[in-house]
Amino acid sequence: MTHTHDRLLIIDFGSQVTQLIARRLRELSVYCEIHPYQKVTDAFLAEFAPKAIIFSGGPDSVTREGSPRPPKAAFTMGVPILGICYGQQVMMQELGGLVESGHGTAEFGRAFVTPTESKLSILEGWFAEGREQVWMSHGDHVSRIAPGFEVYGTSPGAPFAITADVSRHFYAVQFHPEVHHTPKGAKLYENFVRLAGFTGDWTMGAYKDDAIEKIRAQVGDGHVICGLSGGVDSSVAAILIHEAIGDQLTCVFVDHGLLRQNEAEQVVTMFRDNYNIKLIHADESELFLGALEGVSDPEVKRKTIGKLFIDVFQKYANEIEGAEFLAQGTLYPDVIESVSFSGGPSVTIKSHHNVGGLPEKMGLKLVEPLRELFKDEVRALGRELGLPDSFIGRHPFPGPGLAIRCPGEISREKLEILRKADAVFIDQIRKHGLYDEIWQAFVAILPVRTVGVMGDGRTYDYACALRAVTSVDGMTADYYPFTHEFLGETATRIINEVKGINRCTYDITSKPPGTIEWE
């Protein structure tokens, strides 16, 4: 991609919240990328040419031999650097300071930083009331700052909570300004990028133009096939690619029989009527539902659907002459999560449904024009491309569809009950004007039947769980605080209107410890 905007590099040392740094910077219209420390060599730095660098936090100890380090060249490029937590400690260690373990100075959770008498430009807007709340998470501590550095803030467990070498524009903090528990953390980032000379030049319009240029350069005269799920990500990717290469794109919409009520018709109609994109509607519901019969394990469900999707997609893709490229709606969180900063294996929470393995199998090259974007940025790009707000604002829908909202064995009967209950729930949310406040909402049909009374008769039907969460990017989530009146009204409607359900519950689990989906 021809980058016409300034770029900031985040060197990742393995913090669980490194993505939040990128989120804060993107909110300031600053383009940034996260790269694991092993990848950031001197040659990488020279090619990336960052205007500023941030060292993330991390779980390791700089006192351990072989612990992660940034390249020496980072300190000699002449660009501002901000070190956070482990990033501060590694900066001190590399520049002549000292870091120690233990000695009772660990801090975890809320702490308060008090300023020294010296003023520092990146702290503009801080300390108006004498001290600031921050979020600490460190076992080691800096016991001697590096030559040239001065102390600008202290906390009970971190005498060097804020340090800087102003002459070299090196800044280091022991706390995490990216988390919301540091209320003025965003202001610190804003001050840092302004000091570094960023003008906030990264917009969706600029990204769209860059992406179109890159797609044309990559694809040339080749043909692209795109697996269209009907979700926001794949739809935005398809329309962006179509704007770049027109009829060189063919979309394949695989209907696996696990979609929501009327969803297949809505997706196909929108694309055929509004975008004139070549589209194959592959109705393979019988194949998928047949293969899932009797399957109850959630991982087996996901893998079965993923494998069948690849097989079906390949069948239809083989009918497209000259296909050289496969387009996917991969997002930046997917990219970051797929790279373990330590190079070691990551824990698999659940298998993600995509067309993984297909490019190599078919000899296709990947086109992933959204791989540098977060979810809300994809929606902004969709608006830039002219997609209707009613479509852009749709809640996320998982690739395996209703299969993972139907714990236990799947049957056509349960899927039909689930579709109807889900439609009532979403209708209620829209009717009450709550849809845009909620990140994702759905119904799960539970693998239990319960006794109920309807009229004078006994019922023995399924129970269902309503699920609605708020989130920014799906990485963490909290349940939506519906009123009891709303929940009561919704439960009454579902039980009265959906034959097969006689009991409703509301899931109030946050993520973590739960996941958003039930399986």
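Start by selecting Pro512, which sits in the segment after β20. (Helices and strands here are DSSP runs numbered from the N terminus: helices are H or I with at least four residues, strands are E with at least two.) Look at the peptide bond that joins Lys511 to Pro512: this bond is cis, with omega about -15°. Now step on to Pro513, also found in the segment after β20. The bond from Pro512 to Pro513 is cis as well, with omega near 15°.

A quick word on what you're looking at: this is a predicted model, where local features need pLDDT of at least 70 and side-chain atom pairs count only at pLDDT 80 or more, while totals for chains, interfaces and linings use all residues. Residues are numbered from 1 along each chain as its sequence is written, and side-chain values use heavy atoms, with hydrogens and water left out.

**Stop two: salt bridges**

Keep to the segment after β20 and pick Asp507, then add Arg467 from strand β18 (residues 457-470). These two form a salt bridge, with the closest N and O atoms 3.3 Å apart. (A salt bridge means a side-chain nitrogen of Lys or Arg within 4 Å of a carboxyl oxygen of Asp or Glu.) The partners are 40 residues apart, linking distant parts of the chain. Are Arg467 and Asp507 buried or exposed? Both are buried. (Buried is under 20% relative accessible area, exposed is over 50%, and partly exposed is in between, using a 1.4 Å probe and protein chains only.)

How many salt bridges turn up in a search of the whole structure? The search finds 31. For another one, select Arg26 and Glu377, whose side chains meet at 2.7 Å, N to O. Arg26 belongs to helix α1 (residues 18-27) and Glu377 to helix α12 (residues 375-384), so this pair ties together parts that are 351 residues apart in sequence. Both Arg26 and Glu377 are buried.

Next, try Lys431 and Glu489, a salt bridge of 3.4 Å, N to O. Lys431 is in helix α14 (residues 412-431) and Glu489 in helix α15 (residues 484-497), so the pair ties together parts 58 residues apart in sequence. Colour by accessibility and you'll find Lys431 exposed at 54%, while Glu489 is partly exposed at 32%.

**Stop three: a pocket**

Stay with α14, which gives the most to the lining of the second largest pocket: five residues. (On a 1 Å grid over the protein atoms alone, a pocket is an open set of points where a 1.4 Å probe fits, with protein on both sides within 12 Å along at least five of seven lines; lining residues have an atom within 4 Å of a point.) The space in this pocket is about 520 Å³, where the volume is what probe spheres set on the points fill, and points are joined across faces, edges and corners.

To find the middle, select Gln261, Gln266, Arg394, Ile426 and Arg430, the closest to the centre among the 19 lining residues. Helices α7 (263-274), α13 (389-392) and α14 each supply at least two residues of the lining. What kinds of residue make up the lining? There are eight nonpolar, five polar and six charged. (Ala, Val, Leu, Ile, Met, Phe, Trp, Tyr, Cys and Pro count as nonpolar, Asp, Glu, Lys and Arg as charged, and the others, Gly among them, as polar.)

**Stop four: Thr182**

Jump to Thr182, in the loop between β11 (170-173) and α4 (185-195). Thr182 is buried, with just 2% relative accessible area. A polar atom of its side chain lies 2.8 Å from the backbone oxygen of His176. Show what surrounds Thr182: leaving aside neighbours within four places in sequence, its contacts (heavy atoms within 4.5 Å) include Trp126, Trp135 and Phe175.

**Stop five: helix α3 and some backbone angles**

Select helix α3 (residues 86-94), where seven of the nine residues are buried. Among them are Tyr86, Val90 and Met91. After α3 comes Gly96, which has a positive phi near 110°.

Two more positive phi values are worth a click. Ser29, in the loop between α1 and β2 (31-36), has a phi of about 60° although it is not a glycine. Finish at His169, in the loop between β10 (158-165) and β11: His169 is not a glycine either, and its phi is positive, about 60°. At 32% relative accessible area, His169 is partly exposed.

Methods
A polar contact is a pair of N or O atoms within 3.5 Å; within protein, one must be able to donate a hydrogen and the other to accept it, and residues adjacent in sequence count only if both atoms are side-chain atoms.
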